[in-house]
Amino acid sequence: MIREFAPQTQVARARASDWLVQAGLRPTRQRLALAALVMGDGENRHVTAESLFAAAAERGEKVSLATVYNTLRAFCEAGLLNEITVDASRSYFDTRTDDHPHYFWEDSQKLTDAPSDQLEILRLPDVPEGCEIARVDVVIRLRRRD
């Protein structure tokens with residue numbers, strides 16, 4: 001099972017610094033701290049801004065929730081993360097940036113990867129003139145049977 005956040009080690013901080021620099025982002029103290037939590041161990045994960053904020057606070061990092069949101073958006077703009085919107089009030093940030101479907105577990109409010117090889121999209125609707133499809137997100141909502 002993947003841990004929710006990477007342990008804070010020197011290796012995690014070095015990996016986070018490389019990750020940021022390769023994407024053209026300046027490795028500020030706050031970006032480094034958040035990047036190390038998100039991908040410092042090289043594992044893929046799905047995080048919310050709130051869960052990342054709580055993990056940073058638990059480890060003594062001084063960052064505001066607004067800074068966490070702004071940093072996650074910067075990571076998305078740099079191509080380091082994908083934002084997956086589950087509903088109007090909840091987004092997850094995915095370190096795995098290739099196209100793949102997700103399961104959203106309604107009871108635990110967790111997002112996990114679904115098997116790509118079992119998904120088949122036969123056709124998409126025509127897009128309006130002058131537009132192109134940027135990405136198709138597939139979120140399969142799961143509810144446990146009683």
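Let's start with the open sheet of three strands ordered β5-β4-β6, where the pairing is mixed. Keep in mind that this is a predicted model. The edge positions go to β5 (110-113) and β6 (139-142), and each has a single partner strand, so one side of each is left without a neighbour in the sheet. Going from one strand to the next, the twist averages 30 degrees. If you want to look at one of the pairings up close, pick strand β4 (residues 102-105) and β6: they run parallel and are joined by four bridges. Within that pairing, Y103 sits opposite I140 of β6.

There is another open sheet to look at, also described by its strand order. Its three strands are arranged β1-β3-β2, and here the pairing is antiparallel. The edges are taken by β1 (46-47) and β2 (82-87); each has just a single partner strand, so one side of each is left without a neighbour in the sheet. Strand β3 (residues 90-94) pairs with β2 in the antiparallel sense, over five bridges. The link between β2 and β3 is a hairpin through two residues. For landmarks along this pairing, find D87, which stands opposite R90 in β3, and then I84, whose bridge partner in β3 is Y92. On the β1 side, two bridges join β1 to β3, again running antiparallel. There you can spot H46 opposite D94 of β3.

Now for the helices. Two packed helices are described by the angle between their axes and the distance between the axes. Take helix α1 (residues 10-22) and helix α2 (residues 29-39) to begin with: their axes come within 8 Å and cross at roughly 105 degrees. An angle from 65 to 115 degrees counts as roughly perpendicular, so that is how α1 lies relative to α2. On the α1 side, the contact is made by A12, R13, R15, A16, S17, W19 and L20, while α2 brings R31, L32, A33, A35, A36 and M39. Sorted by class, this contact of α1 with α2 has nine nonpolar, one polar and three charged residues.

Helix α2 also packs on α3, at an angle of about 110 degrees and with the axes 10 Å apart. These two helices are therefore roughly perpendicular to each other as well. The residues making the contact are L34, L37 and V38 from α2, and L52, A55 and A56 from α3. By class, the contact of α2 with α3 has six nonpolar residues, with no polar and no charged ones.

What do these helices add up to on the inside? The largest nonpolar core has 25 residues, and the members touching the most other members are W19, L20, L52, V68, L72, F75 and L81. The elements giving two or more residues to this core are α1, α2, α3 (49-58) and α4 (65-77). The biggest giver is α2, with seven residues. To see how one core member is surrounded, click on V68: leaving aside neighbours within four places in sequence, V68 is in contact with L34, A49, L52, F53 and V63. Apart from this core lies another one, of five residues, among them I84, Y92, F104 and L111. You have already met I84 and Y92 as bridge partners, with Y92 in β3.

Note on methods
Residues are numbered from 1 along each chain as its sequence is written. This is a predicted model: local features need pLDDT of at least 70, side-chain atom pairs count only at pLDDT 80 or more; totals for chains, interfaces and linings use all residues. Side-chain values use heavy atoms; hydrogens and water are left out. Two strands pair if DSSP finds at least two bridges between them. Axes are lines fitted to C-alpha atoms, for helices over the stretch in contact, and angles run from 0 to 180 degrees between N-to-C directions. Angles under 35 degrees count as roughly parallel, over 145 as roughly antiparallel, 65 to 115 as roughly perpendicular and the rest as oblique. Contact means heavy atoms within 4.5 Å. Ala, Val, Leu, Ile, Met, Phe, Trp, Tyr, Cys and Pro count as nonpolar, Asp, Glu, Lys and Arg as charged, and the others, Gly among them, as polar. A nonpolar core is a set of buried Ala, Val, Leu, Ile, Met, Phe, Trp, Tyr and Cys residues joined through side-chain atoms within 4.5 Å. Buried means under 20% relative accessible area, exposed over 50%, partly exposed in between (1.4 Å probe, protein chains only).
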